[in-house]
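Trainee: I should like to request a close look at a single part of this model, taken residue by residue.

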Amino acid sequence: MSKLNAVTVVARLRAAPGKGDALAALLTEQVGVVRHAEPGCLAYRLHRSTGDPDLFVFYETYADAAAFELHRNAPYIVTYRERRQREGLAAGPVEVEVLQALTG
């Protein structure tokens with residue numbers, strides 16, 4: 001695997017008013033599932049803003065574009081998206097920025 005084939009993703013998600021802790025719990029559960037199920041996911045880190053506790057940021061690294069596509073389409077990821085929506089945990093869609101490495 002070349003480090004230059006790795007795909008890095010930064011995803012931002014805002015909790016609905018009063019739902020920050022519930023969203024944190026759901027996202028933390030999601031992290032455990034992804035880390036266990038996806039060998040092509042090299043890093044999957046959840047962060048919560050210290051200045052804005054309703055803002056969550058994922059920093060993710062995948063071995064390549066195929067590993068990222070596997071993640072995006074995994075049935076458990078679809079289920080977590082549906083749970084966020086059904087439980088009204090998020091204020092709007094996830095903002096996703098996909099980055100390609102230029103240096104190793």
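Trainee: Why does Tyr62 count as buried or exposed? Please set out its surroundings in detail.

Mentor: The model is a predicted one. Tyr62 counts as buried because its relative accessibility is 0%, and buried means under 20%. Its ring takes part in an aromatic pair with Phe68, a pair that is tilted, with 5.2 Å from centre to centre and 45° between the planes. The partner is enclosed as well: Phe68 has a relative accessible area of 7% and is therefore buried.

By the rule for such pairs, the count comes to two. The other one joins Tyr44 and Phe58, and this pair is likewise described as tilted, at 5.0 Å centre to centre and 35° between the planes. It links distant parts of the chain, since Tyr44 belongs to strand 2 (residues 41-48) and Phe58 to strand 3, 14 residues apart. Both Tyr44 and Phe58 are buried. Leaving aside residues up to four places away in sequence, Phe58 touches Val9, Val10, Ala11, Leu27, Gln30, Val31, Tyr44, Arg45 and Leu46.

These rings lead to the nonpolar core. The largest such core has 22 residues, and Tyr62 is among those with the most contacts inside it, together with Leu23, Leu27, Tyr44, Phe56 and Phe58. Two or more residues of this core come from each of strand 1, helix 1 (20-37), strand 2, strand 3, helix 2 and helix 3. Helix 1 provides the largest share, six residues.

Two further residues deserve attention beside Tyr62. His71, found in helix 2, touches Tyr62 and also Val34, Glu38, Tyr44, Glu60 and Ile77, not counting residues up to four places away in sequence. His71 counts as buried because its relative accessibility is 6%. Glu60 is in strand 3 and counts as buried because its relative accessibility is 4%. Beyond four places in sequence, Glu60 is in contact with Val7, Thr8, Val9, Ala11, Ala43, Tyr44 and His71. Its C-alpha lies 16 Å from that of Ser49, a residue eleven places away in sequence.

The pocket can now be placed beside this picture. The largest pocket has a volume of about 430 Å³. Its lining consists of 21 residues, of which Ile77, Arg81, Arg84, Val94 and Val96 lie nearest its centre. The elements giving two or more residues to that lining are strand 1 (7-14), strand 3 (55-62), helix 2 (65-73) and helix 3 (75-86). Helix 3 gives the most, with five residues. By class, the lining has twelve nonpolar, four polar and five charged residues. Ile77, one of the residues nearest the centre of the pocket, is also among the contacts of His71.

Arg12 offers a contrast in exposure. This residue lies in strand 1 and is partly exposed, because its relative accessible area is 37%. Apart from neighbours within four places in sequence, Arg12 is in contact with Leu55, Phe56, Val57, Pro93, Val94 and Glu95. Arg12 and Pro93 are 81 residues apart in sequence, yet their C-alpha atoms are 8.9 Å apart in space.

Notes:
Residues numbered from 1 in each chain as written. Predicted model: local features only at pLDDT ≥ 70, side-chain atom pairs only at ≥ 80, totals over all residues. Heavy atoms only, no water. 1 Å grid on protein atoms, 1.4 Å probe; cavity = no way out; pocket = protein on both sides within 12 Å on 5 of 7 lines; lining within 4 Å. Points joined across faces, edges and corners; volume = space filled by probe spheres on them. Helix = DSSP H or I, 4+ residues; strand = E, 2+ residues; numbered from the N terminus. Nonpolar A, V, L, I, M, F, W, Y, C, P; charged D, E, K, R; others polar. Phe/Tyr/Trp six-rings, centres within 6.5 Å; stacked < 30°, edge-to-face > 60°. Buried < 20%, exposed > 50% of the residue type's maximum accessible area, 1.4 Å probe, protein only. Core = buried A, V, L, I, M, F, W, Y, C linked by side-chain atoms within 4.5 Å. Contact = heavy atoms within 4.5 Å.
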